[in-house]
Structure formats: structure tokens, C-alpha cells
Amino acid sequence: MTTLTDRPNTALVVVDVQNGVMNGAHDREAVLANIVALVEKARSGGVEVVWVQHADDGLPRGSEEWEYVPELVRRESEPLVHKAYGDAFEDTDLEAVLAARGIGRLVVAGAQTDACIRSTLHGAFTRGYDATLVADAHTTEDLTAYGAPSPGGVIAHTNLYWKFQTAPGRTAGTVQTAEVDFGVTASA
């Protein structure tokens, strides 16, 4: 039950599943298979799929690294949001895209867990959206050389704290790919 009025619809938001982001991503093949399954499930259920694509010095717009992975093909009718910051709402048209479609509930999948996924989840939640993280459909790279936990640890910790995220009038939580029901809120 989003705090946004007149927003009864749900969207699957696929964040930054780009070649340069997914190279070396933890459990890449399983995560991609889950995201592909989510996209198919959303499409077959008439649920909007919103694609988010990051660009920066490491992912220059138009480069092979910047392109979405070949396993995922966006339909022309599906919105594409270009971003330059971790939070997909910052300095983008994501809010306008969602508002125009009456979307108040987001189901989020993609990469990177410890950057754009977490930033976008928090950005959505603070803006009044219900935000569900698909626990087995997000990933990150190994940044242990920089003092970060293992990728599996980062993913597990994000799933743990998002599962119990709360705020007045909004729902959050996690769900496994096989259990995603685009008409039902997240499990706690």
C-alpha cells in the first residue's frame, strides 16, 4: 500500500544488467536466468517492465560495456531510463515514467547489489513506493580487495536488512524469483 495516491500498478525494474557491470558478477548465470524469468513473468502478466541503464566513465554511452547483456532484450514499448547516479531516481525521468503509468509498487532486480540496487531501493522507499527486492535476482562483483565483504556476503546482508525494512504506509521485503506474484506485496 504505497503512500502515493492513484498508483495501483506494479512494475518490474531491471537495474543495470549491462555487459560491463555483469562481467565477473557473482553467480552471473543463475542471476541472469532469474531476471529473464522475471521479465517473462511480468510480460505475460501485463506488468510493466522498466529498464534502467547506467552511464559513466567506465560505462560510456554507446559502448559494448554500456549495452544490456544479450540474454535480456528490451521491447520497444518498454520504458528505458538512463542514469548517471546510483539511485535510479536521481536526475532521471524514472518518477515521471512511473507516475504516467500509475505505478506505486516496484519489484527490483539487477546489479550491483551494494551500489545501484541498494540506492534505488532506498530512493524508491523514501519517495513513497512499495519496494520489493527479488532476493535471488541481484548480484555484485568481488570487491574484497578494497575491504568489502565477499559478494555472497553483500547479497545476503542486503537481503537480510531489506526483508525487515519498514516505514509508515509502505511495504518492503524480499521474495525469491519462483515466488514473485506481481499482484501481492512482499513477504516479511
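Strands are taken here as DSSP runs of at least two residues, numbered from the N terminus. The model described is a predicted one. In this model, strand S2 spans residues 48-54 and strand S3 spans residues 80-83, and valine 73 lies in the loop between them. Valine 73 has a relative accessibility of 57% and therefore counts as exposed, the cut-off for that class being over 50%. Contacts of valine 73, leaving aside residues up to four places away in sequence, are made with Arg43 and Trp51. Valine 39 is 34 residues from valine 73 in sequence, and their C-alpha atoms are 9.5 Å apart.

The six strands form an open sheet with parallel pairing, in the order S3-S2-S1-S4-S5-S6. S3 and S6 each have a single partner strand and stand at the edges, so one side of each lacks a neighbour in the sheet. On average, neighbouring strands are turned by 25° against each other, direction ignored.

At the S6 edge, strand S5 (residues 130-139) pairs with S6 in the parallel sense over four bridges. Alanine 131 has alanine 172 as its bridge partner in S6, and valine 134 has valine 175. The connection from S5 to S6 runs through helix H5 (residues 151-163), forming a right-handed β-α-β crossover.

In a regular strand, side chains alternate between the two faces of the sheet. Within S6 (residues 172-175), Ala172 and Thr174 point one way, Gly173 and Val175 point the other way, and all are buried. Helix H5 packs on the sheet and touches both S5 and S6. The direction of H5 makes about 160° with that of S5.

Key:
Residues are numbered from 1 along each chain as its sequence is written. This is a predicted model: local features need pLDDT of at least 70, side-chain atom pairs count only at pLDDT 80 or more; totals for chains, interfaces and linings use all residues. Side-chain values use heavy atoms; hydrogens and water are left out. Buried means under 20% relative accessible area, exposed over 50%, partly exposed in between (1.4 Å probe, protein chains only). Contact means heavy atoms within 4.5 Å. Two strands pair if DSSP finds at least two bridges between them. A crossover is right-handed if, with the strands pointing away from the viewer, the path from the first strand over the helix to the second runs clockwise. Axes are lines fitted to C-alpha atoms, for helices over the stretch in contact, and angles run from 0 to 180 degrees between N-to-C directions.
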